[in-house]
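I open this notebook to record what I looked up in the structure. The entries concern charged pairs first and a surface patch afterwards.

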Amino acid sequence: MAAFGAIDMALWDIKAKLAGMPLYQLFGGKSREGALLYAHATGADIEDLIDSVAYYKEQGYKAVRVQCGIPNMPVAGYGVSESKGDVKNFITNFSGSVPKEEIWDTELYMRYIPTVLEKLRDQFGFDLKILHDVHHRLLPREAAELAKELEQFKLFWLEDPTPAEDQDALRLLRQHSTIPIAIGEVFNSVWECNKLIQDRLIDFIRVSVTYAGGITPVKRLVDFAAMHDVRTGFHGAPSHSPLSMAAQAHLNVWAPNFGIQEYLVLGTPECDALFPSDHEMRDGMFYVSDEPGLGVDFDEDEAKKYDYVQGFHPVTRLQDGTLWNY
Ligand SMILES: [Mg+2]
């Protein structure tokens, strides 16, 4: 579907260039000036996480996803920096010939994470938008228990509380909690989203134009979601190039039911040389340039400088070695 998505994005880019318009005009125009972003705050422990949130706040972000190391969990968990003091880099080095392993312990996690959110609210108050990602690790009853407990901290969303494929799991959670739920980054088709939206089992849909097959199907999905009061919160992990992030940015400024956009700072000199553009990120918002098309180029000669590097997503195991949901 990523291949379909790439062709679809290219065709929209060509069409908008022929029209001499930025892509959002082909959707009907802008609903807003810029799109709200969230950054990834991370900490090997709570002190580091507080430093990380403070760093992103200083950069102007109004929303942060927070992931924290759990005491007595032997290996850094999902979205958590691997070493103390490293408050900006949570991304595991995926390169190698075999996947890395993470250890997961539901009991330790569920006992500790409410205390993390309590400390963050004490420190930063309630104006900061806070998101948290469970990364599909809980059983439905556990997710319902956690959601109830976290309600008092007024999260912007709780992400992937249960494995996304088990869509009925969310019914149990919904019976017990009003916490906003975001799901969808692992979906490869809009058809995996329609039941969640139609039955109002989620509040934010997190597909991306890359993995869900392009702008055409995702635009339809956005309209369908709007009819059911579900907002967007597109996936924006580093596996999304500046081209697909631009495609999403055009959807974000257009979509009446836009929610938020996940954003990882890719602005390295190497990345900027590969994908030149005039799009602008400032004060935690993404502003789309008025260049015709997607507004991003791709320098193929520059790309020839880099070799392919093999890598894998990590796998997750319980303390006794049992394979678990990543
Ligand atoms: Mg996620």
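Entry 1. I take a salt bridge to be a side-chain nitrogen of Lys or Arg within 4 Å of a carboxyl oxygen of Asp or Glu. I note also that the model is predicted. By this rule I count 19 salt bridges.

Entry 2. I looked up K195 and D168. Their side chains meet in a salt bridge, at 3.4 Å from N to O. K195 belongs to helix α7 (residues 194-198), whereas D168 sits in the loop between β5 (157-159) and α6 (169-176). The pair links distant parts of the chain, 27 residues apart. I then asked whether K195 is buried or exposed, or in between. K195 has a relative accessible area of 33%, and partly exposed is the class between under 20% and over 50%, so K195 is partly exposed. D168, with a relative accessible area of 41%, is likewise recorded as partly exposed.

Entry 3. I turned to R65 and D133, whose side chains form a salt bridge of 3.1 Å, N to O. R65 lies in strand β2 (residues 63-68) and D133 in strand β4 (residues 129-133), so this pair ties together parts that are 68 residues apart in sequence. I recorded both R65 and D133 as buried.

Entry 4. I examined R206 and E185. The distance in their salt bridge is 2.8 Å, N to O. R206 is in the loop between β7 (204-205) and α8 (215-226). E185 is in the loop between β6 (181-183) and α7. The two residues are 21 apart, and the pair links distant parts of the chain. The relative accessibility of R206 is 0%, so I enter R206 as buried. For E185 the value is 12%, and because buried means under 20%, E185 counts as buried.

Entry 5. I asked which residues are linked in a network with R206 and E185. The network of salt bridges consists of E159, E185, R206 and E262.

Entry 6. I moved to the nonpolar patch on the surface. I7, L11, I14 and L18 form this patch, and together they have about 460 Å² of accessible area. I followed one of its residues, L18, which is found in helix α1 (residues 2-19). Why does L18 count as exposed? Its relative accessible area is 73%, and exposed means over 50%, so L18 is entered as exposed.

How values were computed. Residues numbered from 1 in each chain as written. Predicted model: local features only at pLDDT ≥ 70, side-chain atom pairs only at ≥ 80, totals over all residues. Heavy atoms only, no water. Patch = residues over 30% accessible without salt bridge, like charges linked within 9 Å, V, L, I, M, F, W, Y side chains within 5 Å. Areas by Shrake-Rupley, 256 points an atom, 1.4 Å probe, with all protein chains shown as cover. Helix = DSSP H or I, 4+ residues; strand = E, 2+ residues; numbered from the N terminus. Buried < 20%, exposed > 50% of the residue type's maximum accessible area, 1.4 Å probe, protein only.
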